[in-house]
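Visitor: Before we begin, could you take me through this structure by way of the labels that get attached to it, and show me how each label is earned?
Guide: Gladly; here is the structure, and we can take the labels in turn.

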Amino acid sequence: MTTRATSTLEKMFLKGTPESILKHIQSHKILAPSVVLKIAVPLLKTKLSASQRLTILEQVTISALHDQQITLAESTLTEICGIAGKNSQRYRKLLALCLESQANYEKALEIYDAMLEDNNSNIYALKRKYCILRAEINDIEARKCLNDYLERNASDAAGWEEMAKTCMENGDYQGASFCYEEVILFSPTDSSIHCTLGELYVSVGGKENYTLARKHFAQCLEFDGSCVRAMYGLISASEHFLDVAGGGNVSKKSKGYVDEEETEMVKDLKRHAISLLRESYQGSGLSAALLESILAL
């Protein structure tokens, strides 16, 4: 829902018809259950075409569930069943939502599984099934369900971000970094995602991952120069890289572990990040001694 859509809705209250207001709410996916119920319930008492009545009944059912008016939702759902039939997709979707609202997840899952048997690419059923499995803390099945969804809808950035969070909760930082790389394709200038990716690559470890972490922390600071997380992250990634690469260790240099030019560049990056961090804390009340002790950790 956008601010513009909400503003338009407010104007429509002054001169719009009940039907136009309900259509606006539905088309812009505005969450306003009390408004829908106030307008739609009286409208159901008027003469409407079959298609109009079915659409409004559907809106009332969903809004009643949001407003925790379960009795009203069940009443409108019964009428929808009479119009559309108990085997219709429309009715089954709403019935499953009613069951979810009553925490009857087992029965709701049965409906979603049946819908997926009819069409294994049913995006709506996959989404709802995942939500139930997450609510039941069934992590393995939830990840499998979300993976099925992403295979069929790989352009859903929110889905990839959800999968990344699920991976992180299970300690799969490599998987989470892969998911966030997909997310960054949709939001390449989002500094927070770059910072999170940097932290994930540091957590995974390894020379290549520390290099990737540096790049993402640097990118984050390019978009948001005040991000303290990225400053600390850049320092940490640089230190880890130097440790793995051998730093100033002569024996490792002789074995070809260290690229002198790259090592000096990493040291410069670390010094730059420390300089940025010192500048960011100036005037904050944090003593210079305390900051130096933090940097020394």
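Guide: In this predicted model, the largest nonpolar core has 77 residues, and those that touch the most other members are Leu-22, Ile-56, Tyr-112, Tyr-180, Phe-217, Leu-221 and Ala-230. Helix H14, residues 228-245, gives the most to this core, with eight residues. Leaving aside residues up to four places away in sequence, Ala-230 touches Cys-195, Phe-217, Cys-220 and Leu-221.

Visitor: What makes Tyr-112 count as buried?
Guide: The relative accessible area of Tyr-112 is 0%, and buried means under 20%, so Tyr-112 is buried.

Visitor: Why is the pair of Tyr-112 and Tyr-124 called edge-to-face?
Guide: The structure holds two aromatic pairs. In the pair of Tyr-112 and Tyr-124, the ring centres are 6.4 Å apart and the planes stand at 65°; pairing asks for centres within 6.5 Å, and planes over 60 degrees apart count as edge-to-face, so both conditions are met and the label follows. This pair links distant parts of the chain, with Tyr-112 in helix H7 and Tyr-124 in helix H8 (residues 123-135), 12 residues apart.

Visitor: Why is Tyr-124 placed in the class that it has, with a relative accessible area of 26%?
Guide: Buried means under 20% and exposed over 50%, with partly exposed in between; the value of 26% for Tyr-124 therefore makes this residue partly exposed.

Visitor: How do you know that the charged end of Lys-93 sits over the ring of Tyr-124?
Guide: The charged end of Lys-93 is 4.5 Å from the centre of the Tyr-124 ring, and the distance limit is within 6 Å. Arg-214 likewise lies over the face of Phe-241, at 4.8 Å from the ring centre.

Visitor: What makes the rings of Trp-160 and Phe-178 an edge-to-face pair?
Guide: Their centres are 5.9 Å apart and their planes are at 70°; set against the limits of within 6.5 Å and over 60 degrees, these values make the pair edge-to-face. Trp-160 belongs to helix H10 (residues 157-169) and Phe-178 to helix H11 (residues 173-186), 18 residues apart, so that the pair links distant parts of the chain.

Visitor: Are Trp-160 and Phe-178 buried or partly exposed, and how do you know?
Guide: Trp-160 has 11% relative accessibility, and therefore counts as buried, whereas Phe-178, with a relative accessible area of 48%, is partly exposed.

Visitor: What is notable about the phi of Lys-29, and why is this residue called exposed?
Guide: Phi of Lys-29 is near 55°, a positive value in a residue other than glycine, and Lys-29 lies in the loop between helix H2 (18-27) and helix H3 (33-43). The relative accessible area of Lys-29 is 71%; exposed means over 50%, so the term applies to Lys-29.

Visitor: Why is Ala-103 called partly exposed?
Guide: The relative accessible area of Ala-103 is 49%, which lies between the limits of 20% and 50%, so partly exposed is the term. Ala-103 lies in the loop between helix H6 (89-101) and helix H7 (105-118), and phi of Ala-103 is near 65°, a positive value in a residue other than glycine.

Visitor: How many helices and strands are there in the protein chain, and how many of the residues count as buried?
Guide: The protein chain has 17 helices and zero strands, and 38% of the 297 residues count as buried.

Methods
Residues are numbered from 1 along each chain as its sequence is written. This is a predicted model: local features need pLDDT of at least 70, side-chain atom pairs count only at pLDDT 80 or more; totals for chains, interfaces and linings use all residues. Side-chain values use heavy atoms; hydrogens and water are left out. A nonpolar core is a set of buried Ala, Val, Leu, Ile, Met, Phe, Trp, Tyr and Cys residues joined through side-chain atoms within 4.5 Å. Buried means under 20% relative accessible area, exposed over 50%, partly exposed in between (1.4 Å probe, protein chains only). Helices (H or I, at least four residues) and strands (E, at least two) are DSSP runs, numbered from the N terminus. Contact means heavy atoms within 4.5 Å. Rings of Phe, Tyr and Trp (its six-membered ring) pair if their centres lie within 6.5 Å; planes under 30 degrees apart count as stacked, over 60 as edge-to-face and the rest as tilted. A charge sits over a ring if NZ of Lys or CZ of Arg is within 6 Å of the ring centre and within 35 degrees of the ring normal.
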